[in-house]
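This report covers two local sites: one residue in a loop and one pair of helices. Start with the display below.

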Amino acid sequence: MSLREEAQHSRLFRLGAVTSFVVAQWDAGLNHRRRNSGGGRPIAPRNNRGGCTDPGKAWKAEGSFPHPRTRSRPLWTGLSEGRGGVELWAGSGGGGGGCSRSGETQGTPPETPSRCPTPAISLEPPSCASARLPGTPEHARATRHQLGALGKEEEEEEEKEDAEDPASAATAAAAPAPAPAPALGSLLASSRLNLDLYPGGCGLLLRLLGQEGAAANLQRVQFLRLNCHEEQVGAALALLPRLRHLRSLVLKGGHLRDDGGSCLRGALTTLPPSLSALAHLVHLDLSFNSLRVLPACIPEMRALQALLLSHNLLEGLPEALGALQALTFLSVSSNCLRALPAGVARLSALQRLDLSENLLESVPEEIGALSGLTELSLASNLLQSLPDSLASLRSLRLLLVHSNLLVSVPPGLARLPLLSRLDLRDNRLRDVPPEIQEAPFVRLQGNPLGVPEPIPAAPSGEAPAPEVPRVLLASDADSFTVTSCGCSVALACGVRMLFPPGATTAPTTVRYQQLPPEPRLVRLGPHDALLSAVLELQPHGTPFQQEVHLWLPFVPPRARLGCQVVVRTLSGRTWKDLDTRLEKEDEPKRLWASCRVPHFSWFLVVARPAEDSCSVPREGALLCSSGDPGVKVIFPAGVTAEPRHVRMQVVRVAAWALGDDVEDAVSPLLCLSQDSPHSFLGPVTVQLPLPPGITGLSLDRARLHLLHGDPGVPAWSDITAQVALDLTYLYARFQVTHFSWYWLWYTTKSCVEGLARKVYDRLRLYRVNFIALQRRRDPEQVLLQCLPGRKVEPTLKRLQPRYRGPEPSDTVELFEGERFFAAFEQGIAVEADRPDCVAGRIAFVFYSHLKNVKEVYVTSTVDRKTQAVKGQVSFYRGAVPDAVPEEAVRRRKGPDALWLATLPIKLPRLPREEGQGPLKGLTLASLNLGDAESGFLTQSNLVTVARRLGPDWQSVALHLGLSYPEVQRIQYAHRDDLDGQVRNMLFSWAERQIGHPGSIQQLLEALEQSDRRDVAEEVQAILELGRSKYRESIRRVGLAAEEELHT
């Protein structure tokens, strides 16, 4: 070998980051040359650890298939496009080569040992005019110049060598002849033969196989890489069956790039049938080629474990592919697949399957038979739905379905026990099951969630479908008519309804009313919260031909984690929860609970702990909590003779519920129920997370208690000694045969049952404060409100410009749905006869998420002309909800268990001109507005309204229709008497309205338009009281209609 040839091969060797060949002869020549020239120290011969000679294993960087052995290591070597050229990046495992799209490289089977990491190298991109092929001196020198690895002396030496041989600087148009084949021992490195880095590597293999001694030594080759861009690749493949011990074969394209920098496909279109004789082949990489049909020899390679077919032109896979029973990894990404064969279900050992970037429109149900599948990628296809059988893949950990056309997903995916990531981004999902939407491992960005589906355009040549009429109802309307054409209805209270065409066959009058929440109309579970008022739609129970779409506005729950919002309705004599979808509107900000109803009844929106359910067949099942992924129930086969439906709820325990016991810790409360009264035939395994801060390695078993509770009886029992607790680092498992409530406690106290009762009662209590404020310009108007402690300060700040009053009360505790009363005492009483006034006390029902506020007008029995009145308002407990056990109510402490709080109220002394007759200057006959059936406003009622208006009377007068000059005359006539101005305005208007049926509605609208809704509500309460008295009177005299007697 000449000195110039030694220098060429020495420069190729110094690119160890790319090839790391072991060439002892080249090292010797290089060291000899360096010693003679005095430049640098000798280079020690490299072994496999000095460079990355093995092909390595590579996976996609984001959301793909990292091998368990390399999951926490850097990525492997590969090429990616960067600014100014092609960048070679490297990591543990080294070696290999080939460029790919999206930073993808392929590699060897899992048996490949890891190698040392290599640095990143930036290479110039090849072009048509100038190309530096691997193995040429130009390629080596250009690479090392970019690395900054050459010293000044080496650069001068190379320039001298180029001057001696100008032909070495030829371009790709006149590529240099390949170097002579070195000895086989210099090419083999640990039974690996990497010929894809040689120009003419396939021809080199043919020459080696033609040598008698070399052919015998090639029998120990187990890993072989060839370049599929070469013309002799077909001849080389025909001789490969001679390598009987071959385990890994890499036949990749992508080594060359076009003018745009994209990888070029290899020329490989098929494989010779003789390759099926490679009985030990476990890894086959055919990426970046031109395969349109899978070669027939591949299904006959029964030992194959990894098959990489990405970036080809495959349009389908044969049924015979299922014969590869040992296959664990299959990559067919970036092809043209339109369907999958059913035979893929026979790949029983398959663990990783990559079908991304194809044209798949559906996935066969048979894919659910791949019980060992852990990672599945279906990204970037044309899928509109997923098969329900995916919920049977119990070993699945990673599911990528982003960038498709999905409009629905199976809800069972959320219950896969090992699933850690479900990527549903960039699809067309408008509605997602709650268990999917609330799961922490699900990604849903880029979907039109909550956006209504647009109405499709009519086909060409057909008339477009007629839009349903729209009906907007005012606040005074209480009914509307629906015809067979359907309609869209918007109520003043925010409720919306959509009656599709054909919902009714004949015109139907629908009556509605929004009722204040009362215990008789609200059915709540132990841990439920009411989020809306009660909507009644009539006629009750009348079925529709098509379901009616209903939207109810609601207040968002404060604790959204582990919470589920549903619409609850009375169906027959039982309450049931409807399938509910949540929608929101940004301008104005509103939240709706949407559902479909077959008939009308009472409807309300409720927040409940997230409920998960499943049907348990004889074969067993697994039920996981969507609110807490650590809570699971495992039903083995044979626990039930007939299928039964089971439900699970998980209640989170707030830290404040434990009180001052900082050393105590509890797990979430698990509530299990079923539709069968019988116990299970065998034990069912329940998994609960250990209390916060406690691990299975550090806990003291003597302090850990498992409690069992019966929802019908407010009692907890310690069953730790009756069950076998199996502890892991984070979880505790135990077995039961019947369902109830279960709770894990970690405490040093001996009476854990009594402590659990107290904490459980606190879970259902809300800490609130009372406020009592008087309007600044009208002290007789008092605002009473009960609100959570965290809302006291912002509420007082908002009301301060208009109201004043004492400090809020101390914190008290109330149950959801509990009644309480406000009683005015010490010379102060409620002035008007109100419907919510019971025995002189204002009645409230506490609901934690609603506004528990009322404005009332008070009067005094004391003569206020001589002195001010210092009274008070006291709050007392009333009836508790039926769901609260009596024992929990009796455990409330204190000498007066009914009293809650007392706040002072002060009425100022009246001015001297006050106290004269309310009709000063007026001579009116007996005055009644309205009628007995709809409600009267008497002369006394009008006096009360006049006293409430104050300086707002001019705005009310103008909205009532009085002219501006008339208002000025009233103001001038009573310029020193504000009350006189208000009374004269109101009674002069009332005289003109005698006999007009719409006068009361006109007054209500004027009050609302003048921002005096408080007075309008007072008038409505007076009217409702009058109507109720009228109905009661006609019932007593027997004049009520027969049908009303039954309502």
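Between which two strands does the loop that holds T504 lie? The loop runs between β18 (496-499) and β19 (508-515). Note that the model is predicted.

**The loop residue**

T504 has a relative accessibility of 7%. Buried means under 20%, so T504 counts as buried. Its side chain has backbone oxygens as partners, listed here.

| Atom of T504 | Partner | Distance |
|---|---|---|
| polar atom of the T504 side chain | backbone oxygen of T483 | 3.3 Å |
| T504 side chain | backbone oxygen of A506 | 3.5 Å |

T483 also appears among the residues that T504 touches. Leaving aside residues up to four places away in sequence, T504 touches V482, T483, S484 and F544.

**The helix pair**

Two packed helices are described by the angle between their axes and the distance between the axes. Helix α15 spans residues 964-973, and helix α16 spans residues 978-992. Their axes come within 9 Å and cross at roughly 135 degrees. That angle makes α15 oblique to α16. The crossing of α15 and α16 is right-handed.

Which residues of α15 meet α16? They are E966, I970 and Q971. On the α16 side, the partners are Q981, N984, M985, S988 and R992. By class, this contact of α15 with α16 has 2 nonpolar, 4 polar and 2 charged residues.

Methods
Residues numbered from 1 in each chain as written. Predicted model: local features only at pLDDT ≥ 70, side-chain atom pairs only at ≥ 80, totals over all residues. Heavy atoms only, no water. Helix = DSSP H or I, 4+ residues; strand = E, 2+ residues; numbered from the N terminus. Buried < 20%, exposed > 50% of the residue type's maximum accessible area, 1.4 Å probe, protein only. Polar contact = N/O pair within 3.5 Å; in protein donor to acceptor, adjacent residues only side chain to side chain. Contact = heavy atoms within 4.5 Å. Axes fitted to C-alpha atoms, helices over the stretch in contact; angles between N-to-C directions. Parallel < 35°, antiparallel > 145°, perpendicular 65-115°, else oblique. Left-handed = near helix turned anticlockwise from the far one by under 90°. Nonpolar A, V, L, I, M, F, W, Y, C, P; charged D, E, K, R; others polar.
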